[in-house]
Amino acid sequence: MMNTHDLQALKISYSLLKVVYKFFEIDQKTRYYGTDVPLYPSEMHMINKIKQNEGIHVTGLANILKVTKGAVSQIIIKLEKKGLISKEKDINNQSKLVLKLTPKGETAYNSHIKFHKQIDDMVNEIIRNDSEENIKYLKGVLATLETKLERFKQEADK
């Protein structure tokens with residue numbers, strides 16, 4: 001038979017899993033992000049990295065994302081067809097192409113930032129009236145859980 005503490009821990013664990021699944025469900029949904037084309041999460045992730053690393057090459061993007069150049073190239077082709085990015089010759093190395101967002105790509109990027117700000121605002125609303133002590137405690141619990149989950153993942157991947 002479970003004691004009260006163990007039962008509470010189990011309830012918290014299940015609640016946390018529900019929250020994680022809900023975040024995942026929200027994050028993995030295809031959205032338009034203010035454009036006329038649907039954007040998959042991998043495409044939006046690529047748009048973000050291109051914006052954060054203006055003028056990057058395919059190889060640099062592959063290194064940052066820790067994926068193959070082929071994987072990057074496939075997504076780049078889709079984004080270019082959707083009118084979200086452009087390729088331009090690198091002025092420092094004419095044999096390389098740099099990636100840039102088009103105005104439509106900028107719209108998607110800015111809409112994605114607003115989307116994440118809505119989530120940030122939701123969290124802020126929840127903790128707005130909490131004491132610094134409670135907020136510090138919650139941050140500590142989440143940091144510890146993240147560390148333990150990372151270790152768990154490493155062990156499970158062996």
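**View 1. Leucine 17 on helix H1.** Let's start with leucine 17, a residue of helix H1, which covers residues 4-27. This is a predicted model, so please read every view as a prediction. How exposed is leucine 17? With a relative accessible area of 39%, leucine 17 is partly exposed, because that value falls between the 20% limit for buried and the 50% limit for exposed. Leucine 17 also has company: together with Met2, Leu7, Leu10, Tyr14 and Tyr21, Leu17 forms a nonpolar patch on the surface. The accessible area of these residues together is about 600 Å².

**View 2. Tyrosine 33 in a loop.** Follow the chain to the loop between H1 and helix H2 (41-52), and you will find tyrosine 33. Take a look at its backbone: tyrosine 33 has a positive phi of about 45 degrees, although it is not a glycine. Is tyrosine 33 buried or exposed? Tyrosine 33 counts as buried, because its relative accessibility is 8% and buried means under 20%.

**View 3. Lysine 66 in another loop.** Here we visit the loop between helix H3 (58-65) and helix H4 (69-81), where lysine 66 lies. Lysine 66 is not a glycine, and yet it has a positive phi, of about 60 degrees. Its relative accessible area is 74%, so lysine 66 is exposed, a word used for values over 50%.

**View 4. The hairpin of strands E1 and E2.** This view shows strand E1 (residues 85-90) and strand E2 (residues 93-101), which pair in the antiparallel sense. How many bridges does the pairing run over? There are six bridges between E1 and E2. For one pair to look for, find serine 86, whose bridge partner in E2 is lysine 100. Two residues make up the hairpin connection that joins E1 to E2. As you trace the strands, remember that side chains in a regular strand alternate between the two faces of the sheet.

**View 5. Alanine 108 and its contacts.** Our last stop is alanine 108, in helix H5 (residues 103-127). Alanine 108 is buried, because its relative accessible area is 0%, and buried means under 20%. Which residues touch alanine 108, leaving aside its neighbours within four places in sequence? Alanine 108 is in contact with Tyr33, Thr35, Leu39, Met44, Ile47 and Leu84. You met one of these in the second view: Tyr33, the loop residue between H1 and H2. For a sense of distance, try phenylalanine 152, which is 44 residues from alanine 108 along the chain. The C-alpha atoms of alanine 108 and phenylalanine 152 are separated by 35 Å.

Key
Residues are numbered from 1 along each chain as its sequence is written. This is a predicted model: local features need pLDDT of at least 70, side-chain atom pairs count only at pLDDT 80 or more; totals for chains, interfaces and linings use all residues. Side-chain values use heavy atoms; hydrogens and water are left out. Patches are made of residues with over 30% relative accessible area and no salt bridge: like charges are joined within 9 Å, nonpolar side chains (Val, Leu, Ile, Met, Phe, Trp, Tyr) within 5 Å. Accessible areas come from the Shrake-Rupley method with a 1.4 Å probe; for residues, only the protein chains shown count as cover. A salt bridge is a side-chain nitrogen of Lys or Arg within 4 Å of a carboxyl oxygen of Asp or Glu. Helices (H or I, at least four residues) and strands (E, at least two) are DSSP runs, numbered from the N terminus. Buried means under 20% relative accessible area, exposed over 50%, partly exposed in between (1.4 Å probe, protein chains only). Two strands pair if DSSP finds at least two bridges between them. Contact means heavy atoms within 4.5 Å.
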